[in-house]
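Biologist: Could you take me closely through one enclosed part of this model, and then through the elements and spaces that belong with it? I would like a connected account rather than a list.

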Amino acid sequence: MVKNVSVTYSENYRSRVPGYMDSVKALGQNWSSMAPGLDYVFGKQPDTGWLNRKGQAGLLTRDSTFNLLFRQNLEQRLGLNALVEPVRDLRIEVSLEKSFSKEYSELFKDTTGRAGHSHLGALASGGFSISYISFGTLFDSYNPNEISATFKKFQEYRQVISARVAEGNPYWKALAPGQQFTPDGFAKGYGRYSQDVLLPAFIAAYNGSDPSKIPLIRQSNPNIKANPFGGYLPRPNWRLTYFGLTKIPGVAKLFSNVSLTHSYNGNLSMNSYNSALLYRDPLRYDAPGFIDTVSGNFIPFFLVPNISMRENFEPLIGIDLTTNSQMNMRFEYKKSRQLSLSLIDYQLSETRSTEWTFGFSWRKQGLKLPFALPFSKGVKRLENDINFRVDLAMRDMAMSNSRLDQSNAYGTGGQKEITIQPSIDYVVNRRVSLKFFFDQRRVTPYISTSAPITNTRAGVNVRISLSQ
């Protein structure tokens with residue numbers, strides 16, 4: 001049963017059109033000349049056609065020394081949160097997010113001193129991020145000093161993506177049949193290091209998707225709302241909590257509370273992108289038509305220097321038990337992965353982490369002791385509550401770098417960390433409390449540039465309250 005659903009969606013536009021020659025009156029409109037137009041007054045964003053029409057109508061300056069940029073900005077956000085209870089005592093929290101931003105600027109001026117405005121120095125930039133699911137390859141075997149099987153798939157998928165991208169480019173189709181493919185099997189202009197090839201191949205490999213069906217990057221910018229990554233849709237993340245096991249009579253005799261938790265959070269983002277100055281589309285096919293003589297690849301409209309993928313099971317499984325005798329036990333197992341692919345040096349940085357924590361606590365009133373307490377006149381029973389607590393944790397983190405078309409990977413960092421924290425708390429009276437503690441943290445690094453470290457603390461804390 002759906003308990004609660006909230007959806008938020010926002011689009012914020014801003015535009016600045018310098019050089020406007022007409023006057024404005026009520027509501028930003030000149031009601032005599034009907035300029036700049038009710039469409040603009042009520043939020044229509046200017047595009048190339050709108051600017052051309054206003055320029056031809058003489059509403060924009062024709063001064064050849066004019067040098068102010070036309071600017072547009074878009075911020076788009078989508079958020080969804082839902083609470084579902086398919087069965088009694090099972091709570092499922094679902095979240096979905098998307099954010100997209102773009103800023104566009106150009107110099108729109110009359111370079112001839114006559115009624116002939118030109119669009120000069122166009123530049124677009126922005127960012128893109130969505131909630132995502134990619135755990136299909138998270139549990140594959142991993143060695144930071146070896147090329148992973150997933151990375152090998154990434155390299156293999158490039159040829160499939162190369163052919164798909166080339167088929168959508170009319171400029172590539174116009175090449176002579178004998179010139180459409182290079183000796184290594186890649187389509188000409190879409191080689192092994194082409195951005196349009198690498199991005200879909202990377203997502204397909206690490207998401208466990210079919211490379212023949214993964215969405216491709218769109219290489220055109222018809223308006224401010226056009227999203228080059230629009231084929232990638234946000235996917236839901238979730239958190240599950242179940243606390244209905246105490247409804248079972250046999251379990252209720254032993255435990256007052258039993259809760260199970262499971263959570264997944266993933267994200268895919270292109271941290272930044274910007275338009276390429278060398279992009280050319282002479283025949284207006286909305287496709288790249290210029291092959292760079294250095295890289296041998298078509299220059300795309302948008303350049304993406306980095307793509308990152310992050311996912312966390314926090315926890316993969318979590319158990320919290322409380323017995324009827326006030327004993328509590330907690331266990332959590334977590335797993336995470338962070339991927340960052342650079343499209344500048346074609347290097348993948350990968351960080352993996354596995355962590356488990358165990359906690360135990362027990363509260364007892366009137367505990368019998370095998371010995372008499374000092375200054376207690378032979379009393380062997382504690383009058384107040386005493387709390388026993390033990391916390392154990394292990395975190396194993398490894399970082400590695402893999403470079404395309406290299407035979408091996410190499411570990412760049414990481415460590416194994418073990419924490420042991422037992423303690424005993426006892427309130428002597430309302431003014432005095434004691435705490436006996438032991439705290440040890442052991443860190444074993446995976447690279448030789450760091451030394452193993454062990455920190456140990458132990459002692460007694462005495463707290464005395466002087467308040468009335």
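Modeller: Strands β10 and β11 each supply at least two residues to the lining of the second largest cavity, and I will take that cavity as the part to examine, bearing in mind that the model is predicted. The cavity has a volume of about 50 Å³, and its walls are formed by Tyr 142, Asn 143, Glu 146, Ser 148, Phe 151, Tyr 206, Leu 348, Glu 350, Ser 400, Ser 402 and Ala 409. Sorted by class, these lining residues are 5 nonpolar, 4 polar and 2 charged.

Ser 402 is a useful way into this region, since it is one of the lining residues and is found in strand β11. With a relative accessible area of 6%, Ser 402 falls under the 20% limit and is therefore buried. Leaving aside residues up to four places away in sequence, Ser 402 touches Ile 147, Phe 151, Tyr 346, Gln 347, Leu 348 and Ala 409; of these partners, Phe 151, Leu 348 and Ala 409 are also named in the lining of the second largest cavity.

Phe 151 leads on to helix α3, where it is among the buried residues, along with Thr 150, Phe 154, Gln 155, Tyr 157, Arg 158, Ile 161, Ser 162, Val 165 and Ala 166. This helix runs over residues 149-167, and its 19 residues span 28 Å from the first C-alpha to the last, close to the expected 27 Å. There is nevertheless a bend of about 30° in α3 at Tyr 157, which is itself one of the buried residues of the helix. The buried residues of α3 pack against α4 (170-173) and α5 (195-207), and also against the strands β9 (327-342), β10 (347-365) and β11 (385-403).

Two further residues help to describe the strands. Thr 351 has its place in β10, and at 19% relative accessibility it counts as buried, because the limit is under 20%. Beyond its sequence neighbours up to four places away, Thr 351 touches Ser 336, Arg 337 and Gln 338, and also Met 397, Ala 398 and Met 399. Asn 387 lies in β11, but it counts as partly exposed, because its relative accessibility of 26% lies between the 20% and 50% limits. With the same residues up to four places away left out, Asn 387 touches Trp 362, Arg 363, Ser 423, Ile 424 and Asp 425. Asn 387 and Lys 435 are 48 residues apart in sequence, and their C-alpha atoms are 9.4 Å apart in space.

As for the other spaces, the structure holds 2 cavities of 30 Å³ or more. The largest cavity contains about 70 Å³ of space, and among the residues lining it are Val 17, Leu 51, Thr 61, Phe 108 and His 117; its lining comprises 8 nonpolar and 3 polar residues, with no charged ones.

The largest pocket has a volume of about 880 Å³. Its lining of 27 residues has Tyr 104, Ala 122, Asn 221, Arg 284 and Phe 301 nearest the centre, and the elements that give two or more residues to that lining are α2 (48-56), β2 (70-84), β3 (90-110) and β4 (117-131). The largest share, 5 residues, comes from β4, and the pocket lining as a whole divides into 13 nonpolar, 8 polar and 6 charged residues.

Notes: Residues are numbered from 1 along each chain as its sequence is written. This is a predicted model: local features need pLDDT of at least 70, side-chain atom pairs count only at pLDDT 80 or more; totals for chains, interfaces and linings use all residues. Side-chain values use heavy atoms; hydrogens and water are left out. Helices (H or I, at least four residues) and strands (E, at least two) are DSSP runs, numbered from the N terminus. The expected span of a helix is 1.5 Å times one less than its number of residues. The bend at a residue is the angle between axes fitted to the seven residues ending there and the seven starting there. Buried means under 20% relative accessible area, exposed over 50%, partly exposed in between (1.4 Å probe, protein chains only). Contact means heavy atoms within 4.5 Å. On a 1 Å grid over the protein atoms alone, a cavity is a set of points where a 1.4 Å probe fits but cannot get out, and a pocket is an open set with protein on both sides within 12 Å along at least five of seven lines; lining residues have an atom within 4 Å of a point. Grid points are joined across faces, edges and corners, and a volume is the space filled by probe spheres set on the points. Ala, Val, Leu, Ile, Met, Phe, Trp, Tyr, Cys and Pro count as nonpolar, Asp, Glu, Lys and Arg as charged, and the others, Gly among them, as polar.
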